[in-house]
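Please look over the sequence and the model shown here, and then follow the report below, which goes through helices, strands and the way they are arranged.

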Amino acid sequence: MVTDPIADFLTRIRNAQMAGHRVVDIPASNLKKRMTEILYSQGYILKYKFEEDSKQGIIKIALKYDPSTRQPAIRSLERISRPGLRQYASPAEFRRVKNGLGVAIISTSKGVMTDKDAKAQNVGGEVLCYVY
């Protein structure tokens, strides 16, 4: 049993990239599905597929690498809010990730979204992770 599914999601992606894998399988949940969609829309992953074969379902993520240097597109995945210490922020308190080059994934009352979308809708929430 995993006590922090978001940290497990990020760690599976991080480990697969360090091992040079092309595809990583992750147990599915609605939150992880939305985080995967955000990573895809921001250009950090190549593609993804939700499979509902098993009881829980699986997310298959095709990782993205730079063709010339074979470096992963995701340089860093950093968990911010965790079960022992939740981190909440209002739109005015959102930090710029890597001087605007990265993205923060925020869980708001209007759903999971990027920090830019949350600021545009003027909603705060729990800062789940930073990606760059």
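In what order do the 3 strands of the open sheet lie, and is the pairing parallel or antiparallel? In this predicted model, the strands follow the order E1-E3-E2, and their pairing is antiparallel. Strand E1 (23-27) and strand E2 (45-51) are the edge strands, since each of them pairs on one side only. When direction is ignored, neighbouring strands of this sheet are turned by 20 degrees against each other on average. As general background, the strands of a sheet pair through backbone hydrogen bonds, and they do so either parallel or antiparallel. Strand E3 (residues 58-63) pairs with E1 in the antiparallel sense over 5 bridges, and within E3 the residue Lys 60 is the bridge partner of Asp 25.

Two helices lie across strands of this kind. H1 lies across E1 and E3 and runs at about 165 degrees to E1, while H2 lies across E1, E2 and E3 and runs at about 155 degrees to E2.

The two helices also pack against each other. Two packed helices are described by the angle between their axes and the distance between the axes. Helix H1 (residues 5-19) and helix H2 (residues 30-41) pack at an angle of about 40 degrees, and their axes are 10 Å apart. H1 and H2 are therefore oblique to each other, and their crossing is right-handed. On the side of H1, the contact is made by Pro 5, Ile 6, Phe 9, Leu 10 and Ile 13, and on the side of H2 by Leu 31, Lys 32, Met 35, Thr 36 and Leu 39. The residues of this contact between H1 and H2 divide into 8 nonpolar, 1 polar and 1 charged.

Further along the chain numbering comes strand E6 (residues 103-108). Because 5 of the 6 residues of E6 are buried, this strand is largely enclosed by the rest of the structure. E6 runs antiparallel to strand E8 (residues 125-131), and it also runs antiparallel to strand E7 (residues 111-114). A hairpin through 2 residues joins E6 to E7. The table below sets out the bridges that join E6 to these strands, with one pair of bridge partners for each.

| Strands | Bridges | A pair of bridge partners |
|---|---|---|
| E6 and E8 | 6 bridges | Val 103 and Val 131 |
| E6 and E7 | 4 bridges | Ser 107 and Val 112 |

Conventions. Residues numbered from 1 in each chain as written. Predicted model: local features only at pLDDT ≥ 70, side-chain atom pairs only at ≥ 80, totals over all residues. Heavy atoms only, no water. Axes fitted to C-alpha atoms, helices over the stretch in contact; angles between N-to-C directions. Parallel < 35°, antiparallel > 145°, perpendicular 65-115°, else oblique. Left-handed = near helix turned anticlockwise from the far one by under 90°. Contact = heavy atoms within 4.5 Å. Nonpolar A, V, L, I, M, F, W, Y, C, P; charged D, E, K, R; others polar. Pairing = 2+ DSSP bridges. Buried < 20%, exposed > 50% of the residue type's maximum accessible area, 1.4 Å probe, protein only.
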